[in-house]
Amino acid sequence: MTDSGKRHQVVVIGSGFGGLFATKGLKRSDVDVTMVAKTTHHLFQPLLYQVATGILAPGEIAPATRDVLSSQKNARVILGEVSEIDLANKTVTSNIQRRQTVTPYDSLIVAAGAGQSYFGNDHFAEFAPGMKSIDDALELRGRIFGAFELAELAETEEEIERFLTFVVIGAGPTGVEMAGQIAELAHRTLRHDFRRIDTRKARVILLDAAPQVLPPFGAKLGAVTKKSLEKRGVEVILGGMVTDLNERGLTVQFKDAPTQEILSACKVWAAGVQANPLTKTLAEQTGAPLDRAGRIGVNPDLTLPGHPEVFVVGDMISLDNLPGVAQVALQGGKYAAKAIDHSLAGKPALPPFKYFDKGSMATISRFSAVVKIGKFTLSGVIAWFMWLAVHLAYMTGYRNRVYALGHWLTSFLGRGRSERVTTEQQIFARRAIKRLEGGTAAVASSPDDWNQVRASLEEQALLEAELTDKGKRGVHQDAR
Ligand SMILES: Cc1cc2nc3c(=O)[nH]c(=O)nc-3n(C[C@H](O)[C@H](O)[C@H](O)COP(=O)(O)OP(=O)(O)OC[C@H]3O[C@@H](n4cnc5c(N)ncnc54)[C@H](O)[C@@H]3O)c2cc1C
């Protein structure tokens, strides 16, 4: 109980991995939990690319949070985008349409994740959607399948080529999985569906400014993945930085080679990540540092400096080189819940947060994946079955698991993609919203210096690979 005689009030911001597992972790605690999130679902982001390429339905990777938490009587869910966190008065302000809600808290867990970064070129988003939400995935689904449709109608070879050139920008796990799936669509799934075009002639390009594929998996698995993608018909272009991008295509700048123009109707942005802007307000109020990706520095127990009642978890934090992956968020959410529970029960404080690395995996195509668990690495078909088992285990709800398994059998053993539906509204939604907000010019910006962006991307990729290869992730600063 608090001084006012009310139960201890916990507010959780976000319904992603961090937010959901924090809320669930408080199920048996003597608290009231209010989850404030801007979507009504819990999104399993690692499978977004399968929604975009027609394998899974949105509901299978995005169950309603209200449904997931329906049996947890001490939790309520409210819809709204948090615009303000007042640490002095302990309130969270959220908005939905014109309705504003102010929710007071005794403890706060902030798990608002990260968004796409276009390195200062936000206007690229209109022509190369990112992969962060169900909206993004459905828009991309429309653009990918739509490009094949428009190629079938095209009058000239040049037009056909432009519609059948797909460029995925960013060779991290999302880019690799996306490029692999588009190649599979072109070379296998859609092969017999068109009469005029040969979908196998499609060019699928995976492009990155960094010198390697999959930096977080280390140098060796990066090289294996590149080779495997190339075997499946994906053109991998490294060291190429996108300096311009529009409806017709993109401009790629190289360090020691001439600039290249690539004509492409369908571009996917999987390149950069920027922490949720709520980190800025938290930094301003506490003096906590922000890193290059806008992530906030937290104490070893995931609290903010001077605010033991405020936890920040998941993709928003910068701590001990922890990667932006689901397990960091999930374990951070559980840790914050346990810390609150311990403090209310008068138990000793928890030791600092320690991330248990369960490994990373990425699919390249059907029956092919890469897996890294500590020093153990694996690629190929066994790795793919491991990927399948782990993703089934971590999906929310048994019904979703059964449906997803059914779709995987149809798509990977057969050639079926039962989720190819797209609507005009999905494809044009982004433009319509931008127009409502005052046109794309309102978001246009450009970075100061492309060389600086390139240097920073190269440095980041090398650092990622080195941290993985030398096992330095999640190791506290003073223990290194
Ligand atoms: C395409 C893709 C593929 C990925 N693949 C993998 C993978 O294979 N393996 C892996 O481990 N990780 C993967 N990740 C990363 C993983 O999904 C993230 O690390 C994880 O989701 C982070 O969890 P989180 O709780 O910090 O944030 P999120 O899961 O992003 O959740 C953030 C939540 O906050 C809400 N929110 C945001 N802003 C506000 C606001 N202002 N007000 C209210 N609510 C707000 C959002 O709606 C969301 O519910 C992938 C990510 C993406 C995008």
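Which residues of the largest nonpolar core touch the most other members? Here are my notes on that and a few other spots; keep in mind that this is a predicted model.

1. **The core.** The residues in question are Leu47, Ile61, Ile144, Met178 and Trp408, which touch the most other members of a core of 72 residues. Helix α5, residues 134–153, supplies the largest share of this core, with nine residues. The core also spans a domain boundary, since at least three of its residues come from each of domain 1 (8–38 + 80–116 + 273–344) and domain 2 (122–270 + 360–422).

2. **Where the ligand sits.** Both domain 1 (8–38 + 80–116 + 273–344) and domain 2 (122–270 + 360–422) give residues to the shell around the ligand, so the ligand lies between them. There are 29 residues around the ligand, and those that come nearest are Gly18, Gln45, Val82, Asn276 and Asp315. By residue type, the shell splits into 13 nonpolar, 12 polar and four charged.

3. **Polar contacts to the ligand.** Three are worth pulling up on screen. Val82 uses a backbone N or O atom, which lies 2.7 Å from a nitrogen atom of the ligand. Asp315 works through its side chain instead: one of its N or O atoms there is 2.8 Å from an oxygen atom of the ligand. At Ser15, a polar backbone atom is 3.0 Å from a ligand oxygen. As for cover, the ligand on its own has 1,000 Å² of accessible area, and the protein covers 89% of that. Four elements give two or more residues to the shell: α1 (17–25), β2 (31–37), β4 (81–86) and α10 (326–344).

4. **Asp208.** Is this acidic side chain's residue buried or exposed? Asp208 has a relative accessibility of 16%, and it counts as buried because the cut-off is under 20%. The residue belongs to strand β10, residues 203–208. Its side chain does have a polar partner, reaching the backbone nitrogen of Ala210 at 2.8 Å.

5. **His391.** This one sits in helix α11, which covers residues 381–394. With a relative accessible area of 9%, His391 is buried. A polar atom of the His391 side chain is 2.9 Å from the backbone oxygen of Trp387. If you are setting up this site, that is the pair to look at.

6. **Glu139.** Back to helix α5, where Glu139 has its place. How buried is Glu139, in relative accessible area? The value is 3%, which means Glu139 is buried. For a sense of scale, Glu139 and Lys6 are 133 residues apart along the chain, and their C-alpha atoms are separated by 45 Å.

7. **Gly249 and Glu247.** These two make a handy pair to read side by side. Gly249 is in strand β13, residues 249–254, and is buried at a relative accessible area of 5%. Glu247 is in the loop between β12 (240–245) and β13, and is partly exposed at 47%. On distances, the C-alpha atoms of Gly249 and Glu459 are 27 Å apart, with their positions 210 residues apart in sequence. From Glu247 to Asn276 the C-alpha separation is 28 Å, at 29 residues apart in sequence. Asn276, you'll recall, is among the residues that come nearest to the ligand.

8. **Two backbone oddities.** Most residues other than glycine have a negative phi. Phe119 has a positive one, near 50°. Phe119 is found in the loop between β8 (114–117) and α5, and is partly exposed, with a relative accessible area of 23%. Phe367 also has a positive phi, near 60°. The place of Phe367 is the loop between β21 (360–365) and β22 (368–373), and at 26% relative accessibility Phe367 counts as partly exposed.

How values were computed:
Residues are numbered from 1 along each chain as its sequence is written. This is a predicted model: local features need pLDDT of at least 70, side-chain atom pairs count only at pLDDT 80 or more; totals for chains, interfaces and linings use all residues. Side-chain values use heavy atoms; hydrogens and water are left out. A residue is near a molecule or strand if one of its heavy atoms lies within 4 Å of it. A polar contact is a pair of N or O atoms within 3.5 Å; within protein, one must be able to donate a hydrogen and the other to accept it, and residues adjacent in sequence count only if both atoms are side-chain atoms. Accessible areas come from the Shrake-Rupley method with a 1.4 Å probe; for residues, only the protein chains shown count as cover. Ala, Val, Leu, Ile, Met, Phe, Trp, Tyr, Cys and Pro count as nonpolar, Asp, Glu, Lys and Arg as charged, and the others, Gly among them, as polar. Domain bounds come from an automatic or database domain assignment. A nonpolar core is a set of buried Ala, Val, Leu, Ile, Met, Phe, Trp, Tyr and Cys residues joined through side-chain atoms within 4.5 Å. Buried means under 20% relative accessible area, exposed over 50%, partly exposed in between (1.4 Å probe, protein chains only).
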